[in-house]
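Thanks for coming. I will go through one structure this morning, starting with its internal space and then moving out to the chain and a few single residues.

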Amino acid sequence: MDTFEQIAERERQFLLQTYNRYPIVLARGKGVFLYDINEKRYLDFVSGLGVNALGHAHPRIVKAIREQAAKLVHVSNLYYHEYQGPLAEKLCALAGSSSGMSRAFFSISGTEAIEGSIKLARLAGHRAGGEAKCRLVALEGSYHGRTFGALSLTGQDKHRKGFEPLLEDVTFVKQNDLEGLRAAVNDNTCAIVLEPIFGEGGIHECSVEFLQECRTLADRHRVALIFDEIQCGLGRTGTMFAFQSFGVIPDIVAIAKPIAAGLPLGAFIAKEEFATAIAPGQHGTTFGGGPLACRIALEFLAIVEEEKLLENVNKVGAYLQQELKGLVEKRAAAIAVRGRGFIQGIQLEIPARPIVDAGLAEGVLFNSTQDTVVRFLPPFQMEEKHIDRGIRVLNKLLGKKRRAAA
């Protein structure tokens, strides 16, 4: 077996240097733990950036992959297979009949789901108001992906820099700025695109009032309200969809990360009035919605339901928040806690990356975002004892205690 140095050197020679990787080579996983090539164990609070919601090597997922890989992996969307329709039906059912979402499209990533969503919104906009109805409204600080359409909606200069010009018909407003939102949306707007909870943007929630105003303006101006739930959806907030946690229903919702338990799959689900704007040949994908990924997605959803994992997300997520708030009270470097369920972050007064680096030595995988936020996206099976372990390590790494009030 190659050493860490050999593996890293080969990547330095032959890969585009687009990732600032941590200095470990992971070899296998089991449950909420990962193991490196030297068999050191790590408690996983990252879960593949939210992808591994069932942890690692879940026996039902392993069994289903083996069975389906021996039968049929890919056929393209020229033909029917037995899993894509049932998966679409299941997702629409989970969204709820009251949501009005009745049709799905499958992609291979969250970014591709966003691209499809805004294409659909453009088509629906043109149908409702002609060619001028094409403008998009997005939020400052948001993150939607790295392809040109998704990047055009991403409200962070660090991701956009060097790739301009992007789509020109995008207006950015501040998260939770009601007046800015009202000024931005008009009859030439075709879509409002937002994350209910910023993921890469530092775990900032949209207020219910803001989301309700998005819904009101979308209805008034015949605009598609698009929720990007790629990171915060599919159970991470304690409900299957994040919009169910906030009580505001979008017209289109984009999902991805955990849906196929680590296999590449994304989707968007749309209300009928928007779904009917598209015709055969106007959108497509080679790999999206294949039999292997769709079967595993059905298994993922069944496991979440049968193992009552949403209940665990709510229970243990509340415990995680309680313990993180305890760190804010005790440690001078910790300022605030944000998020809910199993998508949470602790805001620091110091850079977060050194904390994450030091966590490796302690056998705990944390994740940093926006320079000063430690983000938590744990697997749905994580227990309170695992939270205790992570909090002990974080408490140690944060160092200086907060002074008691005089």
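**Cavity, pocket, chain, residues**

The search returns 1 cavity of 30 Å³ or more. Please keep in mind throughout that this is a predicted model.

The volume of that largest cavity is about 30 Å³. Its lining consists of His74, Val75, Ser76, Asn77, His81, Thr286, Phe287, Gly288, Gly289 and Gly290. What does this lining look like by class? There are 2 nonpolar and 8 polar residues, and no charged residues. Glycine is counted among the polar residues here, and Gly288, Gly289 and Gly290 are part of the lining.

Next, the second largest pocket. Its space amounts to about 770 Å³. It is lined by 27 residues, and those closest to its centre are Asn77, Gln84, Ala104, Phe105 and Phe106. Asn77 also appears in the lining of the largest cavity.

Which elements each supply at least two residues of this pocket's lining? They are helix H4, residues 84–95, strand E4, residues 101–107, and strand E10, residues 266–271. The largest share comes from E4, with 5 residues. Sorted by class, the pocket lining has 15 nonpolar, 11 polar and 1 charged residues.

Helix H4 brings me to Pro86, which is found in that helix. Is Pro86 buried, exposed or partly exposed? Its relative accessible area is 36%, so Pro86 counts as partly exposed, being between the 20% and 50% limits. Pro86 and Leu298 are 212 residues apart along the chain, yet their C-alpha atoms are separated by 8.0 Å.

Now the chain as a whole. The protein chain has 15 helices and 15 strands. Its radius of gyration is 21 Å, close to the 22 Å from the globule rule for 406 residues, so the chain is as compact as a globular protein of that length. The C-alpha trace spans about 65 × 60 × 45 Å along its principal axes.

How much of the chain counts as buried? The share is 54% of the 406 residues. The exposed area of the chain is about 18,500 Å², and 53% of that is supplied by carbon and sulfur atoms. As for contacts, take those between residues at least 6 apart in sequence: 72% of them join residues at least 24 apart.

Two buried residues serve as examples. Ser47 is found in helix H2, residues 47–50. Its relative accessibility is 0%, and since buried means under 20%, Ser47 counts as buried. Which residues does Ser47 touch, once neighbours within four places in sequence are left aside? The contacts are Asn52, Arg236, Leu377, Pro378 and Pro379.

Phe243 is the other example. Its place is in helix H10, residues 242–246. With a relative accessible area of 3%, Phe243 is buried. Again leaving aside neighbours within four places, Phe243 is in contact with Ala95, Ser99, Met101, Phe227, Glu229, Val248, Ile249 and Pro250. Of these contacts, Ala95 falls within the range of helix H4, and Met101 within that of strand E4. One more pair involves Phe243: Glu195 is 48 residues away in sequence, and the C-alpha to C-alpha separation is 9.9 Å.

I will finish with backbone geometry, at three residues. The peptide bond from Glu164 to Pro165 is cis, with omega near 5°. Where is Pro165? Pro165 sits in the loop between helix H7, residues 157–160, and strand E6, residues 170–173.

The other two residues have positive phi values. Gln370, which is not a glycine, has phi near 50°. For Asp371, also a residue other than glycine, phi is near 70°. Gln370 is placed in the loop between strand E14, residues 367–369, and strand E15, residues 373–376. Asp371 lies in the loop between E14 and E15 too.

Are these two residues buried or exposed? Gln370 has a relative accessible area of 28% and is therefore partly exposed. Asp371 has 62%, and because exposed means over 50%, Asp371 is exposed.

That is the end of the walk-through, and I can take questions now.

Definitions and conventions. Residues are numbered from 1 along each chain as its sequence is written. This is a predicted model: local features need pLDDT of at least 70, side-chain atom pairs count only at pLDDT 80 or more; totals for chains, interfaces and linings use all residues. Side-chain values use heavy atoms; hydrogens and water are left out. On a 1 Å grid over the protein atoms alone, a cavity is a set of points where a 1.4 Å probe fits but cannot get out, and a pocket is an open set with protein on both sides within 12 Å along at least five of seven lines; lining residues have an atom within 4 Å of a point. Grid points are joined across faces, edges and corners, and a volume is the space filled by probe spheres set on the points. Helices (H or I, at least four residues) and strands (E, at least two) are DSSP runs, numbered from the N terminus. Buried means under 20% relative accessible area, exposed over 50%, partly exposed in between (1.4 Å probe, protein chains only). The radius of gyration is taken over C-alpha atoms; the globule rule is 2.2 Å times the number of residues to the power 0.38. Contact means heavy atoms within 4.5 Å. Accessible areas come from the Shrake-Rupley method with a 1.4 Å probe; for residues, only the protein chains shown count as cover.
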